[in-house]
Amino acid sequence: MSDPQWREQFESSLPTGQPMPSKSSNRGMMFALIGAGVLAVVLIAVGAVALAMTMFQRPSSIPQLLSADTQVYATLTPNLSDIPNVQRLQKAYPELFVDRDSSNADEQLEELLGVTFQQDIAPWIGNEMAFAVSGLEEFDLTNSSLDSDAVEQMAEQADIAIILASRDNEQAQAFLDKQRASRTEQGETFNESAHNNVTIYEQQESDNSPIAAFALVQNNVVFANRSSVITAMLDRDPNGADTLQSSARFTTVKDNLPDTAVGYVYIDGQPLSQFSRASITSALTRMPPDQRDQLEEQMQNVDAFQGIGLSISVIETGVQFDTVMTMDLSKLNEAATVQIEEIRQPVDAAMLATIRDDALALMTFKIPSTLKEQIITAIEVQPGGSEQLAQFEDMYGFDLERDLLDWFVGDAALVLLPGEQMADFTLPMTGYFTIRPQDTAAAEAGMSRIAAAIETASSGEVVFSEEQLADASWQTVKEPFMQQSVGGYSFINDALVIAFGNTAMEGASNGSQSPITANAMFQTASAPLADPNGGVIYVSMDNVLTAYEDFDPFFAESEEAQNLKPIKAISAAGEPGIDANGVARARLFVHIGE
């Protein structure tokens, strides 16, 4: 079909409100990746006849077709309905399981390729499918952003492939012939060539369409944005050194993702390093000398990136998303090495036992000792930064290092609790920050001076006064009209707590009496997470939705609320820091109710 016809049909398959880019930008990377993504999603979604368990019985062969320098690789199990533990997900979101009803996918396939799933794809599609990008070599960020010229440059470099395993080559070839005939009828023209006894078709004037070229390659249906991508596959030795399967960066990432993942994405670290280096180099030209020197010191660290992996797995109680980042620790500078060593210390799980079980959300983390040096350095490299800080300290009798940074180190948490009525306002939530400082006495003295500085800076409009709340002594600030406490700070069991809202102050005071660690929902949501860990993020979707419905009574009947109700909680945590092999691992878990 002609370019305008292709654009019109492609645009109609996009969600409402997402117009196609202009003709000129179609030649850019954005067009190519979006096009590839849409086609990949359609084909992956309807790949319904392959047995997913086969994927776990033998390694994927597709990485053997791809070059070792493949920069993005994504794969997904084609048939979600056949994987173990899928019942909750299927009951909560049946629309995800297109294999049960392929009518919507058929409509898009018919429009784009002139085929349907049941008749033209189901008879041959196998158990592997993937999307791959390679060939990105340079990043020109002279204008400090990915403008149209930079996108155009990336598009010209990129080699894009969509690969679908075939279990019946005769049927697969029939599919390729039918979609070519349909596209020819709509005005597209194709060049035909042969390479290693394989017939390759390539669309003329394709504008980097991800389905421009196609062929049947070693029991795989392959679409690509140019025929050279396919000829390279045919020439490549699947057991040789120039394959993605032989790449140490790829295998390290893959080996650290769960074996039971139904899909994963690999991103090579080299283009990430190149992009980061280009971004830093571009930024350096606009910085004062001191800031430039500091940023140049960080340049070395970007070369440490080796690869990133993302995967999705379905377990009995929900869906888990794993992330892996690999680094070459020998390429880090001394400052980064010191910081990595410190963050290998886990956050004390006892922090969670002080948080009340009706929390809407929480996050525990560690504030490193290197924070002081980082803040002071950041101030000093600013033009006039040191002088401005000295003036501020003299004006308000406050010493940043003595009164805050010297003791502001240790395990910390942010907690959101239910809202309350405050004067004429309804707060949808309240919350507090807490830290176990390394020197409680210094923290108490520092907070006293900080409170005095706030009173001075506000010309007496903000005044701290002592108040007892839930057996804890607080220094609180009251709103001026009804004299209701709006917030304050306290030291509870040697931990500093800074809270906003009366509910939060009371919750911080008595949280250990009904801790969230005894809550069944929290226990289920946190069970798949690393323990020990570098901190936990937890969101009680039940509590959040209840709080929001109190704030907006119409929300409960909305489509958004109905889509969110099956999700009972979301949790996330990573293993502490980066291990000795340069691997960092983290997991996000979505708990779906029965």
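**Close-up views of a predicted model**

**View 1. A nonpolar surface patch includes Met363.** Met363 sits in strand 11; helices (H or I, at least four residues) and strands (E, at least two) are DSSP runs, numbered from the N terminus. This is a predicted model, in which local features need pLDDT of at least 70 and side-chain atom pairs count only at pLDDT 80 or more, while totals for chains, interfaces and linings use all residues. Residues are numbered from 1 along each chain as its sequence is written, and side-chain values use heavy atoms, with hydrogens and water left out. Met363 is partly exposed, at 31% relative accessibility; buried means under 20% relative accessible area, exposed over 50%, and partly exposed in between (1.4 Å probe, protein chains only). Together with Leu414 and Ile537, Met363 forms a nonpolar patch on the surface. The accessible area of the three comes to about 220 Å². Areas follow the Shrake-Rupley method with a 1.4 Å probe, and for residues only the protein chains shown count as cover. Patch members have over 30% relative accessible area and no salt bridge; like charges are joined within 9 Å, nonpolar side chains (Val, Leu, Ile, Met, Phe, Trp, Tyr) within 5 Å.

**View 2. Asp411 and Lys366 pair across strands 12 and 11.** Their side chains meet in a salt bridge, 2.7 Å from N to O. The criterion is a side-chain nitrogen of Lys or Arg within 4 Å of a carboxyl oxygen of Asp or Glu. Asp411 belongs to strand 12 (residues 410–422) and Lys366 to strand 11, so the bridge ties together parts 45 residues apart in sequence. Asp411 is buried, with 11% relative accessibility. Lys366 is partly exposed, at 28%.

**View 3. A salt bridge joins two loops through Asp348 and Arg436.** The closest N and O atoms of Asp348 and Arg436 are 3.4 Å apart. Asp348 lies in the loop between helix 14 (334–343) and strand 11 (361–367), and Arg436 in the loop between strand 13 (425–435) and helix 18 (440–457), so the pair ties together parts that are 88 residues apart in sequence. Asp348 is partly exposed, with a relative accessible area of 38%. Arg436 is also partly exposed, at 29%.

**View 4. Glu188 and Arg183 form a buried salt bridge.** The N to O distance is 2.8 Å. Both Glu188 and Arg183 are buried. Elsewhere, Lys372, Glu401 and Asp406 are linked in a salt-bridge network. The structure holds 19 salt bridges.

**View 5. Phe175 is a well-connected member of the largest nonpolar core.** A core is a set of buried Ala, Val, Leu, Ile, Met, Phe, Trp, Tyr and Cys residues joined through side-chain atoms within 4.5 Å. This one has 28 residues, and Trp124, Leu164, Phe175, Val221 and Phe223 touch the most other members. Several elements each supply at least two residues, including helix 6 (103–113), strand 2 (125–134), helix 9 (169–185) and strand 7 (220–224). Strand 2 gives the largest share, 4 residues. Leaving out residues up to four places away in sequence, Phe175 touches Leu113, Val115, Asp120, Ile121, Trp124, Val221 and Phe223. Contact means heavy atoms within 4.5 Å. Another core, of 27 residues, lies apart from this one; among its members are Leu66, Ile163, Ala215 and Val217.

**View 6. The loop between strands 5 and 6 holds Glu205 and Asn208.** Glu205 has a positive phi, near 50 degrees, and is not a glycine. Glu205 is exposed, with 75% relative accessible area. Asn208 is buried, at 14%. The side chains of Asn208 and Arg226 are joined by a polar contact of 3.5 Å. Such a contact is a pair of N or O atoms within 3.5 Å; within protein, one must be able to donate a hydrogen and the other to accept it, and residues adjacent in sequence count only if both atoms are side-chain atoms.

**View 7. Two further loops have backbone features at Asp471 and Pro532.** Asp471 lies between strand 14 (465–469) and strand 15 (472–478). Its phi is positive, about 65 degrees, although Asp471 is not a glycine. Asp471 is exposed, with a relative accessible area of 77%. Pro532 lies in the loop between helix 20 (520–526) and strand 18 (536–540). The peptide bond from Asp531 to Pro532 is cis, with omega near 5 degrees.

**View 8. The whole chain, for context.** The chain has 22 helices and 20 strands. Of its 594 residues, 48% count as buried. Among contacts with a separation of 6 or more, 69% join residues 24 or more positions apart. The accessible surface comes to about 27,900 Å², and 52% of it belongs to carbon and sulfur atoms.
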